[in-house]
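Student: I am new to this structure, so please take me slowly through one part, the surroundings of the ligand. I would like a close look at what is found there.

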Amino acid sequence: MRRRHPAIFRLFCIFVVLGACTLGTAAPAFAGTLYDDLGERPGLTRIVDQLLVLVLADPRTREKFDNINIERLKGRLVDKLCDVAGGPCHYHGISMAGAHRGLGITDYNFNAMVEDLQTAMDRNGISSWTQNRLLARLAPMHRDIVAR
Ligand code: HEM
């Protein structure tokens with residue numbers, strides 16, 4: 001006669017099989033929070049340092065940073081990204097609309113900075129799954145940053 005396994009055992013098997021199926025796909029089965037996956041504050045600081053090196057050298061963005069206090073901006077950007085990623089920090093700087101008003105930022109500049117951010121994350125070993133999660137949280141800021 002065929003023995004039936006108890007329901008709890010069958011449920012356990014389903015979780016094991018589902019877990020195994022999701023491993024190796026784009027989204028890891030047991031991902032940490034976005035803040036953790038970005039390497040917490042030290043990881044974000046390395047990403048922002050790299051981002052600023054790139055945007056200051058990028059002919060598509062660099063003129064926007066003339067006469068800007070870069071050390072101060074670095075700190076603000078780390079706070080902002082830490083906050084956006086759900087880390088234990090609060091961004092106390094001015095609003096995105098206020099910070100970028102009058103800079104005349106275009107879609108061209110914005111997209112270039114997004115590309116530079118992706119490069120900065122690549123260079124810090126951040127997976128594309130985690131990169132996309134951060135970019136999805138930054139995308140709604142486009143309307144406040146790009147001048148109309
Ligand atoms: C989602 C994308 C962006 C985010 C999250 C972001 C975030 C920030 C933050 C947090 C500050 C500091 C505000 C403060 O002083 O409290 C700032 C300032 C600034 N951002 Fe952005 N930014 C973005 C896109 C851009 C782009 C595309 C450019 C130009 C290419 C740009 C140029 C600047 C400049 C020049 C300042 C300094 C303004 C000043 O101190 O007067 N930003 N940004």
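Tutor: Let's begin with Arg 72: an N or O atom in the side chain of Arg 72 is 3.1 Å from an oxygen atom of the ligand, a polar contact (a pair of N or O atoms within 3.5 Å). This is a predicted model, where local features need pLDDT of at least 70, side-chain atom pairs need 80 or more, and totals for chains, interfaces and linings use all residues. Residues are numbered from 1 along each chain as its sequence is written, and side-chain values use heavy atoms, with hydrogens and water left out.

Now look at Tyr 91, whose side chain has an N or O atom 3.0 Å from an oxygen atom of the ligand. With Ile 94 the backbone takes part: a polar backbone atom of Ile 94 is 3.2 Å from a ligand oxygen.

Next, find the iron atom of the ligand. Its single donor from the protein is NE2 of His 100, 2.0 Å away (donors are N, O and S atoms within 2.8 Å of the metal, or 3.2 Å for Na, K and Ca). His 100 belongs to helix 5.

Step back to the whole shell. There are 23 residues around the ligand (a heavy atom within 4 Å), and Arg 72, Arg 76, Tyr 91, Ile 94 and His 100 come nearest. By class, the shell holds 15 nonpolar residues, along with four polar and four charged ones.

Finally, trace the helices (DSSP runs of H or I, at least four residues). Helix 4, spanning 70–84, helix 5, spanning 96–100, and helix 6, spanning 107–123, each supply at least two residues of the shell. Helix 4 gives the most, with five residues.

Note on methods:
Polar contact = N/O pair within 3.5 Å; in protein donor to acceptor, adjacent residues only side chain to side chain. Nonpolar A, V, L, I, M, F, W, Y, C, P; charged D, E, K, R; others polar.
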